[in-house]
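Colleague: I would like to learn how to read a model feature by feature. Can we go through one together?

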Amino acid sequence: MIPTHSARLSPLQAETVWTLEDAEVVERRGGQSRRFPLAKLKTLKVARDGAVLSFGLRRMAIPANTYAGGLRPLDHTASFAPFLEAVADAAGRAAPTAKLRTARPRNAEPVVWVMVLMGTGAAALLLFAAMAGAWTLGVALAARLIFVTILAAAVLPWMDRD
């Protein structure tokens, strides 16, 4: 039996079907077909909600969820997990130097919460300073809070790098 997995990537697109055929992952969407030989696999990154296969400059993303009727996401892990196990097994034989990794949980969420709280604090500080008649002092203090929030936003792109 050929391992397969299917998902609708968008409610407006045709269903995409991934199959494992002769040490190649074949992606079919409508009338289009793309083949990715597992011998050229560099990285297989697996997460709970999908997988990303990197073949040098080419990449393939395989989601675990699909769109059902309307805009509701539907869990397809029943076909995703066995398909990914078969791909990982075939990749281990075809490309023994490929890196197989699991995705780490996101580290950026606490930084985003700090940014939200500091922005809220700056707004509250401005409001209370304006009510007390010390508008310039409120602006000076809020500017310092906003500056730290901007620095935290500058750190976000580096938080989830591999």
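**Reading the loop, the strands and the core**

Modeller: Start with Ala23, which sits in the loop between E2 and E3. Keep in mind that this is a predicted model.

Colleague: What is the sign of phi at Ala23?

Modeller: The general idea comes first. Most residues other than glycine have a negative phi. Ala23 has a positive one, near 60°. Asp22 is in the loop between E2 and strand E3 (24–29) as well. Its phi is also positive, about 50°, although Asp22 is not a glycine.

Colleague: Is Asp22 buried or exposed?

Modeller: Exposed means over 50% relative accessible area. Asp22 reaches 76%, so it counts as exposed. Ala23 is at 39%, so it counts as partly exposed.

Colleague: Next, charged pairs. How many salt bridges does a search of the whole structure find?

Modeller: Side chains of opposite charge can pair when their charged atoms come close. Here the search finds 5 salt bridges.

Colleague: Which residues are linked in a network of salt bridges?

Modeller: Glu21, Glu24, Arg28 and Arg35 are. Take the pairs in turn. Arg28 bridges to Glu21, with the closest N and O atoms 3.4 Å apart. Glu21 is buried, at 19% relative accessible area. Arg28 is partly exposed, at 31%.

Colleague: And how far apart are the closest N and O atoms of Glu24 and Arg35?

Modeller: They are 2.8 Å apart in that salt bridge. This pair links distant parts of the chain: Glu24 belongs to strand E3, Arg35 to strand E4 (residues 32–37), and 11 residues separate them in sequence. Glu24 counts as partly exposed at 22% relative accessibility. Arg35 is partly exposed too, at 41%.

Colleague: Which side chain meets Asp89 in a salt bridge?

Modeller: Arg93 does, at 2.8 Å from N to O. The two residues are 4 apart in helix H1, so about one helical turn separates them. Arg93 is exposed, with a relative accessible area of 59%. Asp89 is partly exposed, at 45%.

Colleague: Now strands. How do I read the pairing of E5 and E6?

Modeller: Ask for the sense, then the number of bridges. Strand E5 (residues 43–47) and E6 pair in the antiparallel sense over 5 bridges. Then look for facing residues. Val46 stands opposite Ala51 in E6. Last, check the connection: a hairpin of 2 residues joins E5 to E6.

Colleague: How many bridges join E6 to E7?

Modeller: There are 6, and these strands also run antiparallel. Val52 has Ala61 in E7 as its bridge partner. The hairpin of E6 and E7 has 2 residues between the strands, and Gly56 in this hairpin takes a positive phi near 70°.

Colleague: How many residues of E6 are buried?

Modeller: The cut-off for buried is under 20% relative accessible area. In E6, 5 of the 6 residues are buried, which leaves the strand mostly covered.

Colleague: Then the core. Which residues touch the most other members of the largest nonpolar core?

Modeller: Val25, Leu38, Leu41 and Leu53 do, in a core of 22 residues. Strand E2 (16–21), strand E6 (50–55), strand E7 (58–63) and helix H1 (77–94) each give two or more residues to this core. H1 supplies the largest share, 6 residues.

Colleague: What does Val25 touch, leaving out residues up to four places away in sequence?

Modeller: Its contacts include Trp18, Leu38, Leu53, Met60, Phe83 and Val87. Arg34, Arg35 and Phe36 are also among them.

Colleague: Is Ser6 buried or exposed?

Modeller: Ser6 is at 18% relative accessibility, so it counts as buried. Ser6 lies in strand E1 (residues 4–7). Beyond its neighbours within four places in sequence, Ser6 contacts Glu15, Thr16, Val17, Trp18, His76 and Ser79.

Colleague: Finally, the surface. Which residues form a nonpolar patch there?

Modeller: Val112, Trp113, Val116 and Leu117 do, with about 400 Å² of accessible area together. Look at Val116, found in helix H2 (residues 109–132). Val116 has a relative accessible area of 41%, so it is partly exposed.

How values were computed. Residues numbered from 1 in each chain as written. Predicted model: local features only at pLDDT ≥ 70, side-chain atom pairs only at ≥ 80, totals over all residues. Heavy atoms only, no water. Buried < 20%, exposed > 50% of the residue type's maximum accessible area, 1.4 Å probe, protein only. Contact = heavy atoms within 4.5 Å. Core = buried A, V, L, I, M, F, W, Y, C linked by side-chain atoms within 4.5 Å. Pairing = 2+ DSSP bridges. Patch = residues over 30% accessible without salt bridge, like charges linked within 9 Å, V, L, I, M, F, W, Y side chains within 5 Å. Areas by Shrake-Rupley, 256 points an atom, 1.4 Å probe, with all protein chains shown as cover. Salt bridge = Lys/Arg side-chain N within 4 Å of Asp/Glu carboxyl O.
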